[in-house]
Each structure stands twice: as structure tokens, then as C-alpha cells.
Amino acid sequence: MPDGAAPSVTLSPRLQTVADAVPVCDTVADIGSDHGYVPLYLLEKKRARHVIVSDLRKGPLATARQNFCRTQCSAQADFRLGSGLEILQADEADGIILAGMGGPLMRELLQARPEVYQKLAFIILQPMTGQALLRRSLRELGLKIDREWLCEEGKHLYEIIRVVPGTQDLPEELAAVGPYLWESRSPLLARHLQRLIQRAQAHRNGLLHAKERSAARQVELYSLEKHIAQWKEMLQQCESER
């Protein structure tokens with residue numbers, strides 16, 4: 001693809017943010033790539049010299065291969081059928097992309113192949129659920145947050161997290177918010193906090209109306225009330241700085 005030429009694919013706002021989070025590198029692997037748009041974009045924009053495109057299902061992988069065959073990039077791509085990081089060997093890629101799956105699954109995929117992910121320079125995470133759990137898991141995985149982004153697509157907000165080797169302390173109230181999102185005062189931070197508060201309030205109200213009154217339930221209620229108060233204070237601070 002000539003320098004300055006437009007890429008052959010147009011990414012959605014979510015996938016564009018994922019692609020933009022990938023630093024310039026030699027080889028990147030897109031785990032669960034589906035249609036292969038992100039790795040194709042990275043090649044065409046010369047953000048990567050080689051890509052590994054993987055998926056658990058034959059159909060999406062075949063679609064990705066067809067998308068590459070329509071371009072001049074197919075020779076720079078390796079297509080692999082398999083689950084998670086099982087398709088990779090240590091030192092085979094500079095970084096990986098895990099996007100569009102739940103945070104708990106991402107943690108499981110990383111835990112299953114420490115010999116692979118511990119050799120990576122970066123990992124791009126875009127969890128659809130379980131963002132707080134995933135952030136809490138990073139320390140035990142030997143990873144730390146390098147940068148975070150919020151992306152708006154339709155009515156949805158998506159969180160993109162770039163992690164690198166290392167460790168960091170993560171205050172509990174920032175596990176769901178995102179430490180870099182808070183520190184950098186992302187333009188969408190206020191909406192992000194409002195969403196967290198609304199979800200926590202709905203969960204709290206459900207617990208209050210439940211018949212069960214166990215000690216564990218009371219601890220959960222206390223934790224929710226604490227987080228709601230903290231996030232409201234953060235939202236107030238965020239809005240006062242506008």
C-alpha cells in the first residue's frame with residue numbers, strides 16, 4: 001500500500017481506538033480476530049510489519065483470510081485456528097490484542113500461557129465486561145496499565161487498556177474507573193462515572209429488595225455504598241474542573 005493511501009477497511013470507533021492503541025511494532029497477534037479488520041488496518045498503515053490473525057472458529061478465520069486476499073497484505077499475515085494464546089509461541093510477537101470478550105475470559109487466557117504473555121512488550125485489552133476484575137488481576141499477572149482510552153460508539157462506552165510488564169498499586173475505587181482515565185481526565189470520564197454510579201445503584205436497590213439478609217449480602221451492600229459515594233465525589237470534582 002503506497003504511503004499516505006487510505007486503508008481498504010473503515011473501522012468502527014471501537015476498533016479504531018483499539019488499533020490506535022497499538023504501538024508501531026514488528027509483529028502483533030490479534031486473538032479472536034473475527035473479520036481481521038484491525039490487523040489488516042495495522043499493516044496498511046504500516047503500524048506493523050507482520051500480523052498473526054487467529055480465531056477459534058473456521059468461518060470467521062476464512063472471512064479474515066478473504067479480506068486480506070483482496071489487498072496486497074496477505075503475504076504479511078499468518079492465519080491460525082485455535083483458542084487464545086495457544087496459537088502463539090514465546091517471543092513470536094511483540095504484542096497481542098484481546099478485544100471484544102469478557103474481562104474474566106481475558107484473565108483466563110493470559111493465566112493459561114504465562115510463558116507467552118510474559119515475553120510480550122504490550123497487550124491491548126478491550127473488555128466488554130468485568131473491567132474492574134481485569135484491572136485487579138493485572139498485578140498478580142505481572143502487568144501494569146500503560147495507558148487507557150474511552151470510546152463512544154452509539155449508546156455504548158468502551159474501555160481500551162494497554163498494559164506492559166511491571167506492577168503498580170491500584171486503589172480499589174479506581175479498579176472500575178481506570179487510573180489513567182481518571183488521571184488524564186478523559187473527555188468521556190463524566191459519562192463513564194455516571195454509568196458506574198447508575199449500575200451500582202441499580203445493583204444496590206436489587207439487593208435491598210432481596211429476601212436474603214446474609215452477612216455476605218450486607219458486606220456487598222456496604223461496598224456498593226462506599227463505591228457510589230466515592231464515584232459521586234469524583235464526578236463532582238470532574239464536573240467542577242470543566
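**Figure 1. Burial of Phe68 and its aromatic partner.** In this predicted model, Phe68 has a relative accessible area of 0% and is therefore buried. Phe79, at 13% relative accessibility, also counts as buried, because the cut-off for that class is under 20%. The structure holds 1 aromatic pair, and Phe68 and Phe79 form that pair in an edge-to-face arrangement, with 5.2 Å from centre to centre and 85 degrees between the planes. The pair links distant parts of the chain, since Phe68 belongs to helix α3 (residues 58-69) and Phe79 to strand β3 (residues 77-81), with the two residues 11 apart.

**Figure 2. Helix α2 and its surroundings.** Helix α2 (residues 37-44) is largely enclosed by the rest of the structure, because 7 of its 8 residues are buried. The buried residues are Val38, Pro39, Leu40, Tyr41, Leu42, Leu43 and Glu44. Among the elements that cover them are helices α1 (13-20) and α3, together with strands β1 (25-31), β2 (48-55) and β4 (95-101). After α2 comes Lys46, which has a positive phi, near 60 degrees.

**Figure 3. The contact between the two assigned domains.** The domain assignment of the protein chain gives domain 1 (13-169) and domain 2 (189-241), and the C-alpha centres of these domains lie 31 Å apart. To their contact, domain 1 contributes 6 residues and domain 2 contributes 4 residues. The area buried between domain 1 and domain 2 is about 500 Å², and carbon and sulfur atoms give 46% of this area. Of the area that domain 1 buries against domain 2, 75% is supplied by Leu150, Leu157 and Glu159, more than by any other three residues. The interface of domain 1 and domain 2 is also crossed by 2 salt bridges.

**Figure 4. The salt bridge of Arg195 and Glu159.** Side chains of opposite charge can pair when their charged atoms come close. Here the side chains of Arg195 and Glu159 meet in a salt bridge at 3.3 Å, N to O. Arg195 lies in helix α9 (residues 189-208) and Glu159 in strand β7 (residues 156-165), so the pair ties together parts that are 36 residues apart in sequence. Both Arg195 and Glu159 are buried. Salt bridges that share partners join these two residues with Arg135 and Glu148 into one network.

**Figure 5. Arg185 between a ring and a carboxylate.** The charged end of Arg185 sits over the ring of Trp182, 3.8 Å from the ring centre, and the side chain of Arg185 also meets that of Glu241 in a salt bridge (2.8 Å, N to O). This salt bridge links distant parts of the chain, with Arg185 in the loop between α8 (179-184) and α9, and Glu241 in the segment after α10 (215-240), 56 residues apart. Arg185 counts as partly exposed at 26% relative accessibility, and Glu241 is likewise partly exposed, with a relative accessible area of 44%.

**Figure 6. Two further arginine side chains.** A search of the whole structure finds 14 salt bridges, and one of the salt bridges joins the side chains of Arg113 and Glu115 at 2.7 Å, N to O. Arg113 is buried, with a relative accessible area of 12%, whereas Glu115 is partly exposed, with a relative accessible area of 39%. Arg14, in turn, lies over the face of Tyr158, at 5.7 Å from the ring centre.

Technical notes. Residues are numbered from 1 along each chain as its sequence is written. This is a predicted model: local features need pLDDT of at least 70, side-chain atom pairs count only at pLDDT 80 or more; totals for chains, interfaces and linings use all residues. Side-chain values use heavy atoms; hydrogens and water are left out. Rings of Phe, Tyr and Trp (its six-membered ring) pair if their centres lie within 6.5 Å; planes under 30 degrees apart count as stacked, over 60 as edge-to-face and the rest as tilted. Helices (H or I, at least four residues) and strands (E, at least two) are DSSP runs, numbered from the N terminus. Buried means under 20% relative accessible area, exposed over 50%, partly exposed in between (1.4 Å probe, protein chains only). A charge sits over a ring if NZ of Lys or CZ of Arg is within 6 Å of the ring centre and within 35 degrees of the ring normal. Contact means heavy atoms within 4.5 Å. Domain bounds come from an automatic or database domain assignment. Buried area is the accessible area (1.4 Å probe) that two parts lose on being put together, summed over both. A salt bridge is a side-chain nitrogen of Lys or Arg within 4 Å of a carboxyl oxygen of Asp or Glu.
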